[in-house]
Amino acid sequence: MAGMGEGLVISYSPLLGGAERILLDLVPSVAPRAVLACPPGPLAREAAAAGLEVRELRPRRLELRGSARDRLGAPLRLAGQGLELRPLIRSLGPRWIVAWSMRSALSAGLGRGRHGPPLLFQHNDFVPAGLAGRAVRDAARRADVVSALSHAIARDLDPQGRLGDRLLVSHPGVDLDRFAPQADARNGRDVLLLGAIVDWKQPRLALETVARIPQSRLLIAGGPLGEAGEALLDRLRARAEQPDLTGRVEFLGRLEDPRPALGRAALLLHCADREPFGMALVEALASRRAVVAPAAGGPLEIVDQSCGRLYPPGDVEAAARAVTELLEDRPLLARLASGARERAERTFGVDAARERFREALDRLDRLRGSR
């Protein structure tokens, strides 16, 4: 059974983004004797605190598809990590390898060679365009098992269905005890935007939505990522100072724990029109908060009429109508809040996610035994 022997989990990223938090939810519980190989940083610290053995890799730039410099340097960085992994894989002799996210799958494929341990590619994002996307799809074809966080991610990776039953879809979950149902918000017109301050999450749309709803307030919880995120945050602050929003936007910054912010809000507003999954939405459901989100990507698999409202991606007017409907109809908001918790309990508990991860690792063990 998985977890009874050593496996190797590889993360190119040292940060604690949504994908890495999922790693920490799953790996220490399911495979406590696994070794995590990653650069030094928050992920390594949290993994060590959770009891995992950590082997440090050299830090490398994270950009895979940004500037021309990033695109030209990415293959060399990935190849460098692959070469660094080879002696580590030989020395550990792991029963299986899990490559966490796209960059890790690319470097792990180089590091394990043709006859290495069975490989699980944990795929957590949409595939980039161009040569980078082609390389990711090639890495998926070479993996023994591929697990995607959502059906949207799976369709994007393998639109022709060539991976067959090697491609699994496993929604992550939340700790339903930790994200216990919250009481009704004291200020019934506070709307929460929860997530990193990055352009693709479209936080500007949240400002424009709230600007159209009198007496509503927007809580923005999340920190900027990199220089581009800092510049975006400056633009959001400038927009919040305009007359139609003055005094109605509060920037909470990066939060270690989102539960107090969820407790303050009447509902969660999500704006990314190309969201691979959306852990913030699941945390909101578990906290007994209705969700208003774009009808695209991961949110389509999380939100239904029992727990929130979906609107056409990028449509500010439609988002404002959906939020207004919930804020103005308190009995409806209460029903959706109850439905939110019920949906989280039915579909998005972390115990079920751990069981699916355990089954994927057991599959790798069976493959190893058959070779």
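Biologist: How many cavities of 30 Å³ or more does the structure hold?
Modeller: Keep in mind that this is a predicted model. Counting cavities from 30 Å³ upwards, the number the structure holds is one.

Biologist: What volume does the largest cavity have?
Modeller: Its lining includes Leu 193, Leu 194, Gly 195, Ala 196, Ile 197 and Val 198. Lys 201, Pro 203, His 270, Cys 271 and Ala 272 also line the largest cavity. The volume of that cavity comes to about 80 Å³.

Biologist: By class, how many residues in the lining of the largest cavity are nonpolar?
Modeller: Lys counts as charged, while Gly is among the polar ones. The lining has one charged residue and two polar ones. As for the nonpolar residues there, the count is eight.

Biologist: Is Asp 365 buried or exposed?
Modeller: Asp 365 sits in helix α14, which covers residues 350–370. Its relative accessible area is 14%, and the cut-off for buried is under 20%. So Asp 365 is buried.

Biologist: Which side chain does the side chain of Asp 365 make a polar contact with?
Modeller: We're still in helix α14, where Asp 365 is found. The contact runs from side chain to side chain at 2.9 Å. The partner of Asp 365 is Arg 95.

Biologist: How many aromatic pairs does the structure hold?
Modeller: One of them is formed by Trp 100 and Phe 357, edge-to-face, with 6.1 Å centre to centre and 75° between the planes. Another is formed by Phe 277 and Phe 348, edge-to-face as well, with 6.2 Å centre to centre and 65° between the planes. The total for the structure is two.

Biologist: How many residues apart in sequence are the parts that the pair of Trp 100 and Phe 357 ties together?
Modeller: Trp 100 is buried at 2% relative accessibility, and Phe 357 is buried with a relative accessible area of 4%. Trp 100 lies in strand β4 (residues 97–100), whereas Phe 357 belongs to helix α14. The pair therefore ties together parts of the sequence whose separation, in residues, is 257.

Biologist: Where is Phe 348, the residue that pairs with Phe 277?
Modeller: These two rings form an edge-to-face pair, and both Phe 277 and Phe 348 are buried. Phe 277 is in the loop between β11 (267–269) and α10 (279–286), 71 residues from its partner. Phe 348 is in the loop between α13 (330–347) and α14.

Biologist: Which residue lies over the face of Phe 251?
Modeller: Here a charge sits over a ring, at 4.6 Å from the ring centre. The residue over Phe 251 is Arg 237.

Biologist: How many of the 11 residues of helix α4 are buried?
Modeller: Helix α4 takes in residues 102–112 and is mostly covered. Among its buried residues are Met 102, Ser 104, Leu 106 and Arg 112. Out of 11, the number buried is eight.

Biologist: Which residue follows α4 with a positive phi?
Modeller: The phi there is near 75°. The residue that comes after α4 is Gly 113.

Biologist: Is Gln 215 buried or exposed?
Modeller: Gln 215 is not a glycine, yet its phi is positive at about 65°. Its place is in the loop between α7 (203–211) and β9 (217–221). With a relative accessible area of 63%, against a cut-off of over 50%, Gln 215 is exposed.

Biologist: Where does Arg 288 lie?
Modeller: Arg 288 has a positive phi of about 70° although it isn't a glycine. As for its place in the chain, Arg 288 is in the loop between α10 and β12 (290–294).

Biologist: What relative accessibility does Val 303 have?
Modeller: Val 303 is in the loop between α11 (299–302) and β13 (308–311). Buried means under 20%. Val 303 counts as buried because its relative accessibility is 3%.

Biologist: Which residue does a polar contact of 3.0 Å join to Gln 305?
Modeller: Gln 305 is in the loop between α11 and β13. Gln 305 is exposed, its relative accessible area being 53%. The contact is between side chains, and the partner of Gln 305 is Arg 309.

Biologist: How far apart in space are Leu 163 and Val 146, C-alpha to C-alpha?
Modeller: Leu 163 is in the loop between α6 (151–157) and β7 (167–169), and at 6% relative accessibility it counts as buried. Leu 163 and Val 146 are 17 residues apart in sequence. In space, their C-alpha to C-alpha distance is 8.5 Å.

Terms used: Residues numbered from 1 in each chain as written. Heavy atoms only, no water. 1 Å grid on protein atoms, 1.4 Å probe; cavity = no way out; pocket = protein on both sides within 12 Å on 5 of 7 lines; lining within 4 Å. Points joined across faces, edges and corners; volume = space filled by probe spheres on them. Helix = DSSP H or I, 4+ residues; strand = E, 2+ residues; numbered from the N terminus. Buried < 20%, exposed > 50% of the residue type's maximum accessible area, 1.4 Å probe, protein only. Polar contact = N/O pair within 3.5 Å; in protein donor to acceptor, adjacent residues only side chain to side chain. Phe/Tyr/Trp six-rings, centres within 6.5 Å; stacked < 30°, edge-to-face > 60°. Lys NZ or Arg CZ within 6 Å of the ring centre and 35° of its normal.
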